Amino acid sequence: MIVVTGATGNVGRALVERLVDAGRPVRALTRDPQRAGLPARAEAVRFDPGRPAALFEGATKLFLYVQAAGEQAETLLAAARAAGVRHVVLLSSGIIQEGADEARASHSIHVIHATVERQIRDSGLAWTFLRPNAFAVNALHWAPQIRVGDRVRGVFADGLGAPIHEDDIAAVAERALLDDGHEGAVHRLTGPEAISNAGQVEEIGRAVGRPLEFVEMPPEQAGPELFPSLPPQMLQPLLKAFEATVGVTPEITDTVQKITGEPARTFARWAEDHADDFRN
């Protein structure tokens, strides 16, 4: 039995579908099993951090999503080990790098993920850390604008990234859970090529069948309307992170291909897969 936290998230849902298709028993933890819309062959269980022992009964492996665990990660890890879980695959963050400078190390996203990584190392469980950089799915924050017009207001048109398809992350997680040799490994994950923010909008336009124009705005004018799902306290750190990508070649790894045998999918492919999300 493999327990998947964050089972209705972008990566978690893709992982559940992959494991079910592979014929593996999956316990998908979710806040609302009745509305989760998960595959019928997955065991959808209400995620109740107050009763952690019941979540891991009969399980040997765990996929852990930091945001799903919240401040309960240490308790969940202890309960998982007590129940017989032996290996945890963590969806961490590419912001964590060896020898990170003080500014990076003090970033809230770094602190959150580094804390859970440390808790896992101290838990006595075998572990694998997945550290993806930018997610292609973050481009969905442009969807409200694209649904109603052809101009997309945003910051740092020339900011570069190598965004990764969420299913490529899930594919690596699947192999880390099912194959030997991933214990104690740190896998850095990216898409296969650099693309600017303006270039992402252009590719989305191709996918939806109409030209789109990226209209750059000063970062000091950016507000919640550009990032509607972002907690307000995260806006300034996010803008600083975006600014740091202008004119800087992003990290690009071939980890997806090495582990899965398939090349990482381009942003253009991601846009095609998600074209309906940008339509009315």
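Student: Why is Arg27 called buried?

Tutor: Arg27 has a relative accessible area of 8%. Buried means under 20%, exposed means over 50%, and partly exposed lies in between (1.4 Å probe, protein chains only). Because 8% is under 20%, Arg27 is buried. This is a predicted model, in which local features need pLDDT of at least 70 and side-chain atom pairs count only at pLDDT 80 or more, while totals for chains, interfaces and linings use all residues. Residues are numbered from 1 along each chain as its sequence is written, and side-chain values use heavy atoms, leaving out hydrogens and water.

Student: What makes the pair of Arg27 and Glu43 a salt bridge?

Tutor: A salt bridge is a side-chain nitrogen of Lys or Arg within 4 Å of a carboxyl oxygen of Asp or Glu. In this pair the closest N and O atoms are 3.3 Å apart, so the rule is met. Arg27 is in strand E2 (residues 26–30) and Glu43 in strand E3, so the salt bridge ties together parts that are 16 residues apart in sequence. Strands (E, at least two residues) and helices (H or I, at least four) are DSSP runs, numbered from the N terminus. Glu43 is partly exposed, at 34% relative accessibility.

Student: How many salt bridges does this rule give?

Tutor: The count is 18. One of them joins Glu202 and Arg206, at 2.8 Å from N to O. These two residues are 4 residues apart in helix H9 (residues 197–208), so about one helical turn separates them. Asp276 and Arg279 form a salt bridge as well, with the closest N and O atoms 2.7 Å apart.

Student: Why is Asp276 called exposed or buried?

Tutor: Asp276 has a relative accessible area of 62%, so the word is exposed. Its partner Arg279, at 35%, counts as partly exposed.

Student: What does Glu166 have in place of a salt bridge?

Tutor: Glu166 is buried and has no salt bridge; the nearest side chain of opposite charge, Arg265, is 8.1 Å away. For charge, Lys and Arg count as positive and Asp and Glu as negative, while His and the chain ends are not counted. The side chain of Glu166 does make a polar contact with the side chain of Trp270, at 3.0 Å. A polar contact is a pair of N or O atoms within 3.5 Å; within protein, one must be able to donate a hydrogen and the other to accept it, and residues adjacent in sequence count only if both atoms are side-chain atoms.

Student: How do you know that strands E6 and E9 pair?

Tutor: Two strands pair if DSSP finds at least two bridges between them. Strand E6 (residues 126–132) and E9 have 5 bridges, in the parallel sense, so they pass the rule. Within this pairing, Thr128 stands opposite Ala185 and Pro132 opposite Leu189.

Student: What makes E3 and E9 edge strands?

Tutor: The open sheet has 7 strands in the order E3-E2-E1-E4-E5-E6-E9, with parallel pairing. Strand E3 (43–46) and strand E9 (185–189) each pair on one side only.

Student: What is unusual about the phi of Phe156?

Tutor: Most residues other than glycine have a negative phi. Phe156 is not a glycine, yet its phi is positive, about 55°. Phe156 is found in the loop between strand E7 (151–154) and strand E8 (160–161). With a relative accessible area of 10%, Phe156 is buried.
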